[in-house]
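Reader: I am new to this structure and would like a close look at a single part, the sheet and what packs against it. Please take me through it slowly.

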Amino acid sequence: MQHILGQVRRCVEDYHMIEAGDKVAVGVSGGKDSLLTLTALARLRDFYPIPFQVEAITLETGTPGMSFDAVAELCRELEVPYTRIHVPVYQIVFEERKEKNPCSLCAKLRRGSLNTALTERGIHKIALGHHYDDAIETLVTYLDRTGITQIRPLLYCREDDIRRTVERLHLPVVHNPCPANGSTRRQEVKDLIHQLEGRYPDIKQKLFGSLQRYPLYGWNLEQQER
């Protein structure tokens, strides 16, 4: 965890992600990335020289078999306020609309509900669990013009390190039984990069370096403020 905290602090400082008095929400999906983002920021809050607050928000989409009770207990242990918002995404996407390509509509519904929840709570900054490998696999910034700043404190963290740390900390990962899970374009890109690493072992470093040299919109926070 000390290794992860060091990377998170360096990333936060390099990109000026947190300012004094910020209230930072963490979008907690129950996956390993969001749980580690929450844990890291809660621990960083306790010793970081710039004072800031951390809150956790989960959109409960109605997907059968998902329970966030253990996440609520983690938030109590971390002394982080936790908000659970019920949004019938599963019902709309899979039962009513019966979407053949559900990911786009699902993302739109979740994003809209999350932005509404943040605005109602007066929160203007949210931390997402996107890490080093995510940045390479997506090559997009997931930003919109809502007045909400999105930050990625795990940007310097490798997925393998995150997985090991989550296991060692016994964080309560919530399994996602979504019917579309594992069959998305994102997974296809992930598999492709894995194949290319056999021929080009440093492909991830080169792609990540190119993103830093020629950032897309929203890569640094100054662009978000314009």
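Reader: Before we turn to the sheet, what pLDDT does the protein chain average?

Author: The model is a predicted one, in which local features need pLDDT of at least 70 and side-chain atom pairs count only at pLDDT 80 or more, while totals for chains, interfaces and linings use all residues. Residues are numbered from 1 along each chain as its sequence is written, and side-chain values use heavy atoms, with hydrogens and water left out. The protein chain averages a pLDDT (the predictor's confidence in each residue, from 0 to 100) of 82, and 76% of the residues score at least 70. Confidence is highest in helix α3 (residues 69-78), at a mean of 97, and lowest in helix α10 (residues 221-224), at 47; helices (H or I, at least four residues) and strands (E, at least two) are DSSP runs, numbered from the N terminus. Where pLDDT is low, the predicted coordinates should not be read in detail.

The sheet itself is open and has five strands in the order β3-β2-β1-β4-β5, with parallel pairing, where two strands pair if DSSP finds at least two bridges between them. At the edges stand β3 and β5 (149-151), each with a single partner strand, so one side of each is left without a neighbour in the sheet. From one strand to the next, the twist averages 30°, with axes being lines fitted to C-alpha atoms, for helices over the stretch in contact, and angles running from 0 to 180 degrees between N-to-C directions.

Five bridges join β2 and strand β3 (residues 82-86) in the parallel sense, and Glu60 has His86 of β3 as its bridge partner. Between these strands the chain passes from β2 through α3 to β3 in a right-handed β-α-β crossover, a term that applies if, with the strands pointing away from the viewer, the path from the first strand over the helix to the second runs clockwise. β1 and β2 are likewise parallel, over five bridges, and here Lys23 stands opposite Gln53 in β2.

Two helices that pack on the sheet complete this close look. Helix α2 touches β1, β2 and β4 (125-127), contact meaning heavy atoms within 4.5 Å, and the direction of α2 makes about 155° with that of β1. Helix α5 (residues 102-120) touches β1, β2, β3 and β4, and the direction of α5 makes about 140° with that of β2.
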